[in-house]
Amino acid sequence: MDTGLDIAQIVIAVVLMAVILTQSKGSGFSGGFGGDTSSIHRTRRGVEKTLFQFTIAAAVVFVGISIVATLMQ
């Protein structure tokens, strides 16, 4: 069971890194320091919104698996 959690945690970590890296640049915190001024008050639509929600879900799953793995030790 412990090995399964370790493998799941590694897989989720790789997926989380890939999802974060595929998001568009300049849409977050760094966009306020020199990005396009029209991107300040814009909403996420379509694939960008789905990718953002998937990132949040992957982060929640990663944290949950990390907590469970810590409690099982």
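Select Ile-65 and display the residues around it. Leaving aside neighbours within four places in sequence, Ile-65 is in contact with Leu-5, Ala-8, Gln-9 and Ile-12. The model on display is a predicted one. Ile-65 belongs to helix H2. Because its relative accessibility is 16%, and buried means under 20%, Ile-65 counts as buried. Now pick the C-alpha atoms of Ile-65 and Gln-9: they are separated by 6.4 Å, although the two residues lie 56 residues apart along the chain.

Next, colour the chain by secondary structure. The view shows 2 helices and 0 strands. Select residues 2-22 for helix H1 and residues 47-72 for helix H2. The axes of H1 and H2 come within 9 Å and cross at roughly 155°. An angle over 145 degrees counts as roughly antiparallel, and therefore H1 is roughly antiparallel to H2. The crossing in which H1 passes H2 is left-handed.

Keep both helices in view and show the side chains between them. On the side of H1, the contact is made by Leu-5, Ala-8, Gln-9, Ile-12, Ala-13, Val-15, Leu-16, Val-19, Ile-20 and Thr-22. On the side of H2, the contributing residues are Leu-51, Phe-54, Thr-55, Ala-58, Ala-59, Val-61, Phe-62, Ile-65, Ser-66, Val-68, Ala-69 and Met-72. What is the division of these residues into nonpolar, polar and charged? The contact of H1 with H2 holds 18 nonpolar residues, 4 polar residues and no charged ones.

Now isolate H2 and pick the C-alpha atoms at its two ends. These atoms are 37 Å apart; at 1.5 Å a residue, the 26 residues of H2 should span 38 Å, so the two values agree. Which residues of H2 are buried? They are Thr-55, Ala-58, Ile-65, Ser-66 and Ala-69. Restore H1 to the display, for H1 is included in what covers the buried residues of H2.

Move then to Val-47, which is also found in helix H2. Is Val-47 buried or exposed? Its relative accessible area is 69%, and because exposed means over 50%, Val-47 is exposed. Add Gln-23 to the selection: the C-alpha atoms of Val-47 and Gln-23 are 9.9 Å apart in space, with their positions 24 residues apart in sequence.

Finally, select the whole chain. Of its 73 residues, 15% count as buried. Among the contacts in the chain with a separation of 6 or more, 80% are accounted for by residues 24 or more positions apart.

How values were computed
Residues are numbered from 1 along each chain as its sequence is written. This is a predicted model: local features need pLDDT of at least 70, side-chain atom pairs count only at pLDDT 80 or more; totals for chains, interfaces and linings use all residues. Side-chain values use heavy atoms; hydrogens and water are left out. Axes are lines fitted to C-alpha atoms, for helices over the stretch in contact, and angles run from 0 to 180 degrees between N-to-C directions. Helices (H or I, at least four residues) and strands (E, at least two) are DSSP runs, numbered from the N terminus. Angles under 35 degrees count as roughly parallel, over 145 as roughly antiparallel, 65 to 115 as roughly perpendicular and the rest as oblique. A crossing is left-handed if the near helix is turned anticlockwise from the far one by less than a right angle, and right-handed if clockwise. Contact means heavy atoms within 4.5 Å. Ala, Val, Leu, Ile, Met, Phe, Trp, Tyr, Cys and Pro count as nonpolar, Asp, Glu, Lys and Arg as charged, and the others, Gly among them, as polar. The expected span of a helix is 1.5 Å times one less than its number of residues. Buried means under 20% relative accessible area, exposed over 50%, partly exposed in between (1.4 Å probe, protein chains only).
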